[in-house]
Amino acid sequence: MSTSERVAGGAGTEVTSMRSHLCGRITDADVGVVVRLCGWVARRREHGEHLAFVDLRDFSGVVQCVVDGAADLRSEYVVAVTGTVRHRPEGMANPALATGRLEVGDCAVEILAVAEPPPFGVEDRVEVDEGVRLKYRFVDLRRPRMQANLRMRAVVNAALREAMTRQGFCEVETPLLWAPTPEGAREFAVPSRLHPGSFYVLPQSPQLAKQLLMVSGLDRYFQIARCLRDEDLRADRQFEFTQLDMEASFVTQDDVLGFVTETVLDAAEAATGVRPGPIERLTWADAMDRYGSDKPDLRFGMELIDLGPVFTGTGVRAFAPPEGVRRHAVKAICVPDGGSMTRSRLDGLVDRARAQGAKGLAWFKVTATEGGAGLESPLDRFLSDDERAGILAATGAGPGDLVLAVSDEHRLACTVLGQLRLALGSRPVGEGPFRYAWVVEFPMFDGVDAAGNPVPAHHPFTMPHPDDVDLLSSDPAAVRSQAYDLVLNGWELGSGSVRIHRADIQRRVFDALGISEAEAESRFGFLLGAFRYGAPPHAGFAFGIDRLVAIFCGEENIREVIAFPKTQSGADPLTGAPKPLAPAALADLGIRVPPPAPGPG
Ligand code: ASP
């Protein structure tokens, strides 16, 4: 059964009081059958003096109908057609159409609704401005590609629900009007009419609600949950997005990884027809060291190579450890066939590396010599023979290849090369093979905030790695957490963690984060209070359904798999949202909006 058949309820369920068949599902077996079809006029072509060909479209596809040429049928009119299925005459078949060998003849047509000319052609190959597409989204969604995307999404949702339910998870809906949540993004606030001056906050995720459900003894919770974050929009980010959200009690990290793996593999199988193999696992430290990214794209090689041993005790300043660096590294990537890059392209890469904070980027073109291979580089004359040989041996580079190297603080060197690796090797996210990966043992903290306090890499309820708890006060930067991410083709699909359920550990984490008891009480008091009534050990995960579906659909932007998304600037051209509120409505909410500030001059 195809994706669209599954969502439509399967072959045979298309019959309604108004139609007998679907346009795209007419087959040879229907030849001679009188059918009644309903849909939109996709195209009309005159056929001789008295007849016209009308391509009739519904969600399942298109079929050609031969109608009376006098009928006034224009593009996108909604019609019901009754006629007899027959083979098209010899030589008239259209192989591009599933029904291309057939047509419906002797048609009687009833116009169900007239239509204004559409703002753009309802065909996949028509290029249309994004703003226009979203303003007329109801027409845009008629296009086959968009129909397929929304139906793919429904197939994925159904598979996710099925897998979660099968594994004993209970679906619970949590509130949208809620209080601040801990993911750290800017939040949307909703003014309260009954409590003027007070606001609800739209949840960045159901994080706190699902932890409360664990205290309630629900044991295994899931939800296809809408999450809202007021962050700058980009290809993989919208204000509102949908997560498969889950939480379970009396489980370890491995249990959660098992639940999620099973669920994602089920969804992948439902979407693509192929069940991916087991999902590989790597630690965050390994991912950074080998790919320079915590969301490594494993579809291609170009792994980061450690040139540290080649340059131990080197006389080349660029590769010697600078003063004050905590962990120095010389890392490199080998770009196959990159040796033909022009000088200006190489200069562009150097600029790029510098823009990301590196002190520089060394490049070596590998050339063919009598002895085998040599290096061409502004740095070549400073290298010893051993260093030259060491670079070639460590990278495995051969004539025609390019080696790029960064000598810097380990994390910076890795990140910069990770970005260059992507810039030089990456492919569209939806291009197979699909490479899933679990990244585990994330650091507990990621940098420091303006006040000098560590920032939680996941959220403040994440359990530290059991071996690192004592480092919380002495060396927070070295603390690993029990947080994990799922990655697909270089996109982060989702994150989760084992949660802290013990007040003493939570206090130590808050101390490390510089969160006082009073602040913890005011921000998360209701959760911490609930924990005093008996919190089971628990852990959870959430992953973005929009991202997963976009990858399955081969789309680079999650807007393409969301029925009514916002533009890059957060606007909705269809409804005009966001819009000013009428003065009476503002007064009702107790809100006064200051007049716009006078412009300059
Ligand atoms: N609430 C987290 C998030 O949305 C996921 C989790 O830890 O379950 O990123």
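User: Are Y484 and F541 buried or exposed?
Analyst: This is a predicted model, in which local features need pLDDT of at least 70, side-chain atom pairs count only at pLDDT 80 or more, and totals for chains, interfaces and linings use all residues. Residues are numbered from 1 along each chain as its sequence is written, and side-chain values use heavy atoms, with hydrogens and water left out. Buried here means under 20% relative accessible area and exposed over 50%, with partly exposed in between (1.4 Å probe, protein chains only). On that scale, Y484 and F541 are both buried.

User: Happy to start from there! What is the angle between the planes of F461 and F524?
Analyst: The structure holds 14 aromatic pairs, where rings of Phe, Tyr and Trp (its six-membered ring) pair if their centres lie within 6.5 Å, and planes under 30 degrees apart count as stacked, over 60 as edge-to-face and the rest as tilted. F461 and F524 form an edge-to-face pair with 5.0 Å from centre to centre, and the angle between their planes is 80 degrees.

User: Why does the pair of F461 and F524 tie together parts that are distant in sequence, and how many residues apart are they?
Analyst: Helices (H or I, at least four residues) and strands (E, at least two) are DSSP runs, numbered from the N terminus. F461 sits in the loop between β19 (454-456) and α11 (471-474), while F524 belongs to helix α13 (residues 517-531), so the pair ties together parts whose separation in sequence is 63 residues.

User: And which elements do Y484 and F541 link?
Analyst: F461 and F524 are both buried. Y484 and F541 make a stacked pair, with 6.0 Å between centres and 20 degrees between the planes. This pair also links distant parts of the chain, 57 residues apart: strand β20 and strand β22.

User: Which residues do ring pairs link into a cluster, and which helix gives the largest share of the largest nonpolar core?
Analyst: The ring pairs link W438, Y484, F541 and F543 into a cluster. A nonpolar core is a set of buried Ala, Val, Leu, Ile, Met, Phe, Trp, Tyr and Cys residues joined through side-chain atoms within 4.5 Å. The largest one has 66 residues, and V156, M246, V260, W438, Y484, F541 and F543 touch the most other members. Its largest share, 9 residues, comes from α6.

User: How many residues does the second, separate core have?
Analyst: It includes M302, V350, L361 and V406, and its size is 21 residues.
As background, nonpolar side chains in soluble globular proteins tend to be buried together. To repeat the count for the second core: 21 residues.

User: Which strands stand at the edges of the open sheet?
Analyst: Two strands pair if DSSP finds at least two bridges between them. The open sheet has 8 strands with mixed pairing, in the order β6-β9-β10-β22-β21-β20-β17-β11. Each edge strand has a single partner, so one side of each is left without a neighbour in the sheet; these strands are β6 (170-171) and β11 (280-283).

User: At about what angle does helix α6 run to β17?
Analyst: Axes are lines fitted to C-alpha atoms, for helices over the stretch in contact (heavy atoms within 4.5 Å), and angles run from 0 to 180 degrees between N-to-C directions. Helix α6 (residues 253-272) lies across several strands, including β9, β10 and β22, and its angle to β17 (436-440) is about 160 degrees.

User: How many residues of β17 are buried?
Analyst: β17 runs parallel to β11, joined by 4 bridges, and pairs with β20 in the antiparallel sense over 5 bridges. Both faces are covered, with Y436, W438 and V440 on one side and A437 and V439 on the other. β17 is therefore largely enclosed by the rest of the structure, the buried count being 5 of 5.

User: Where does P433 lie, and what is the omega from G432 to P433?
Analyst: Most residues other than glycine have a negative phi, and most peptide bonds are trans. P433 lies in the loop between α10 (410-425) and β17. The bond from G432 to P433 is cis, with omega near -5 degrees.

User: What is the relative accessible area of N489?
Analyst: N489 is in the loop between β20 and β21. Its phi is positive, near 50 degrees, in a residue other than glycine. N489 is also buried, with a relative accessible area of 3%.
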